[in-house]
Amino acid sequence: MRPVSDIFKAEADNFENTMNSHGGDVGFRVPEYQRTYDWNKENIKRLLEDCLNGFYYLSSPNNESYTFLGTLILVSENPEPSFDGTSLSIVDGQQRLTTLTLLCCALIEELFLRQDEVCHLQEATISWIKREIEYIHERLFDCVRGQLRRRDLIARFPRVVRLPDDNRGFSPSEAEYRSVIANFLINFANHYSQSDSDFIPATSENDVEAGRFFQNYKYIKEQVKLGIYKGDDTPTAGKQSELDHNQIGHEDFQKSGLRNLFEKLNTLPEQAEKDRAISDIASNSYSSGLIRIMLFSHYVLRSVILTRVETDDEDTAFDIFDSLNTTGEPLTAIETFKPRVMSFERNTENASYSGSESARQFERLEANLNDIYLETDKRQKETKELLVTFALYLEGRKLPLNLNSQRSYLRLKFEEAANSNFKRRIVRLLADIAEFRQTYWNRDSIRTLDSIHPNSASDWLKLCCTVISDMKTSLAIPIMARFWAQYQQDKIEHNFADAVKAITAFLILRRSVTGNTGRIDSDFRKMMGTLCIGLNDSNSIPSLDDFKKILREYLAVRRIGVENKDTWVAKVCEVPLAEHSQPLCRFLLFAASNNAIMDQEKPGLLTRETVIPSDQLAYLNYSKWKDDKYATVEHVAPVSNSDGWDEEIYSPLDTHNLIGNIILLPQKENSSVGNAPWAKKKIFYRALVAEREPERNSQFEKAKEEGLTFKNQTIDLLNAQGRLDMLDPIAKVNRWTKSTIQKRTKNILQLAWDEISPWLGY
């Protein structure tokens, strides 16, 4: 076993020394699998504020201050073949390192722009300040571009490049800089080594990555100007800095903490001359912005601290990364998995990742992650959930959301794959799961399923997928994906749709019995032990009938106890569903109302006797589920007892939360309606079901007389979309009692069972 000192080395150092480590010939490279420079303004703002607040503390009696910006994790393996310097791959810290490098560029530009703002100072002070500016320029440039020497020849190279786009070499024929970052840094350095004019980089409006890069650089330049150059003693017109920090004024320049930043003050021979020069800049507001830029540049170079961790093994780097509390959003498990896949393809007979089957599948995978979840925290969340789905789909295994566990799992499965075909299969299955989640779990995508399923199955799929998503039952995804994969092969669409309907029915019936989740996730995991595809693609999928039988068996187990309609209705009649799940209540009410009408002989109840199904009576569909008319779950008898309500509704306590006391409204109405007694609330409901506008207006007037006011949105919706016919039975009830609720509960459940149970083969 190697000693720890041979595995990695860690050193805390300032930013300048980090960028000039290894004798000054170090170059940092962003690996191909790393995300692009995608920090947003908030990330940059936070880093600048951290630096500026540390800088400000130097004006306090404590004359020392540092800004700690976390850890850089670097790998020295696989050096760039034509680069004579030390090449370090960035496993963690790319966003911070890039931002600090761009900050150096912005400071260089501001110093070039302001260097003549010394005319109001004394001659000795001007000479000293110009030496200081020249020295700062040289140091900032060293952080932007490095230099290689061969005899009397010098070759400059960008400190940060991105693979495989760039190639750092000594001669122009070897060097190639095509990435946004490398091209910018080398052109920036070349420009300012020859000219003092403004640097205007070439940009492409059609390049999203370049657009984000230059947008960020523009923001950094803007904040350097507004937040550092301009201060309390520098007139500011137009835009204000977005940075939240205390500003150093020109009178603070003589304080010891700031005075110590000047590197060339000692070139003045006498102490008295030094004191006069400091007094000169401290009393002169005209040059204060320039002096602040100089001092802040010194601070960034000398007092911004990074911990540099270097190793020669990428696996070790990722292990270190996982164990450290680093700043920024970590790479996802899939992003760290990609280099393994690339290495595998390069070592096969093809000897290339580009154009390989794995590359094509990774392109699919990333299209359903990186291209949709642009913010890194959202991408991380989706990736973690995707891998939970993938592990269940592949082998019925429960995988935690822990990043380290997920990285290890992918690595292990890839190593366990028996041959090249099975390794590529893992990548393909990952892409399949990502595509499925994006298509059938993402709610924005679900509503466009008509383009994929242009026939009658689309509405059932849209409804059921939305319900499963609304109920946050993500562990149903691998089961659905299993039947989707079969559909991708045999193109028998109705089998896939019927399987999704069966899963939806199981979810509704199962959750109705327990109210809460009641270990339903454990049931889904157990099912995947049978339904998983298998590591070697060895598990066949059951027939649709056999699958429905499996679901019925899970409902029949002793702790659930659903054998038939009577047992289910009897159990759910006692469950306070309203306190557990609004989507569940909505679905049961839609299912019960589907092709049902008001029972003329039993006020408050529904019936399907002698009913001819029609579009008007069809409630169990996607358009009704998304309709604003029935968006909100509301209690008839309010949650808290008030005057005029049957006391028995609140004893036992759960009666008011039974499904029989629940209706669907366009939105939550105000408390004057929600807590009103039944005599007044009836008027409200009758207005909602009025056939014609005069009748509706008459009910509105009665409601106002009783102190009930309608929201304008409700009135507008009724005028635009018509009455709430689902409430017809409610508006006919004379007294709302415990008995009414119990009868309505049983009626809703019986009708819902009749509608849903055939989906499971009952």
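# Burial, loops and helix pairs

Reader: With a relative accessible area of 18%, is N595 buried or exposed?
Author: The relative accessible area of N595 is 18%. Buried means under 20%, exposed over 50% and partly exposed in between, using a 1.4 Å probe and protein chains only. By that cut-off, N595 is buried.

Reader: Good to know! What kind of model is this, and how are its values handled?
Author: Residues are numbered from 1 along each chain as its sequence is written, and side-chain values use heavy atoms, leaving out hydrogens and water. Local features need pLDDT of at least 70, side-chain atom pairs count only at pLDDT 80 or more, and totals for chains, interfaces and linings use all residues, since this is a predicted model.

Reader: Back to N595: what is its phi, roughly?
Author: N595 sits in the loop between α24 (582-593) and β11 (597-598); helices (H or I, at least four residues) and strands (E, at least two) are DSSP runs numbered from the N terminus. Most residues other than glycine have a negative phi. N595 is not a glycine, yet its phi is positive, at about 55°.

Reader: Where is H22, which also has a positive phi, and how exposed is it?
Author: H22 belongs to the loop between α2 (15-19) and β2 (26-30), and its phi is near 55°. Its relative accessible area of 37% makes H22 partly exposed.

Reader: Which residues does the cis peptide bond join?
Author: Most peptide bonds are trans. Here, omega is about 5° at a cis bond, and one partner, P164, lies in the loop between β7 (160-162) and β8 (166-167). The bond joins L163 and P164.

Reader: How many residues of α24 are buried?
Author: Among the buried residues of α24 are P583, C585, F587 and S593. The helix is largely enclosed by the rest of the structure, because the buried ones number 11 of the 12.

Reader: And how far apart are the end C-alpha atoms of α24?
Author: The expected span of a helix is 1.5 Å times one less than its number of residues. For the 12 residues of α24 this gives 16 Å, which agrees with the end C-alpha distance of 17 Å.

Reader: Which elements do the buried residues of helix α9 pack against?
Author: Helix α9 covers residues 271-282, and its end C-alpha atoms are 16 Å apart, in agreement with an expected 16 Å. Its buried residues are K274, A277, I278, D280, I281 and A282. These pack against α5 (123-144), α8 (256-259) and α10 (288-303).

Reader: How are α19 and α20 oriented to each other?
Author: The axes of α19 (477-490) and α20 (493-514) come within 8 Å and cross at roughly 170°; axes are lines fitted to C-alpha atoms, for helices over the stretch in contact, with angles from 0 to 180 degrees between N-to-C directions. The contact (heavy atoms within 4.5 Å) involves residues including F483 and W484 of α19 and F496 and V500 of α20. Angles under 35 degrees count as roughly parallel, over 145 as roughly antiparallel, 65 to 115 as roughly perpendicular and the rest as oblique. The two helices are therefore roughly antiparallel.

Reader: What is the handedness of the crossing of α27 and α28?
Author: The axes of α27 (678-689) and α28 (693-705) come within 8 Å and cross at roughly 160°, which makes α27 roughly antiparallel to α28. I683, R686 and A687 of α27 meet R696, Q699, F700, K702 and A703 of α28. A crossing is left-handed if the near helix is turned anticlockwise from the far one by less than a right angle, and right-handed if clockwise. This crossing is left-handed.

Reader: Which residues does F506 touch beyond its neighbours within four places in sequence?
Author: F506 lies in helix α20 and is buried, with a relative accessible area of 0%. Its contacts beyond those neighbours are I520, F524, M527, L551, Y554, L555 and L760.

Reader: Why is C105 not bonded to C104?
Author: A disulfide is a pair of cysteine sulfur atoms within 2.5 Å, and a search of the whole structure finds 0 of them. C143 is in no disulfide either, with the sulfur of C104 4.6 Å away. The closest cysteine sulfur to that of C105 is in C104, too far for a bond because the distance is 6.9 Å.
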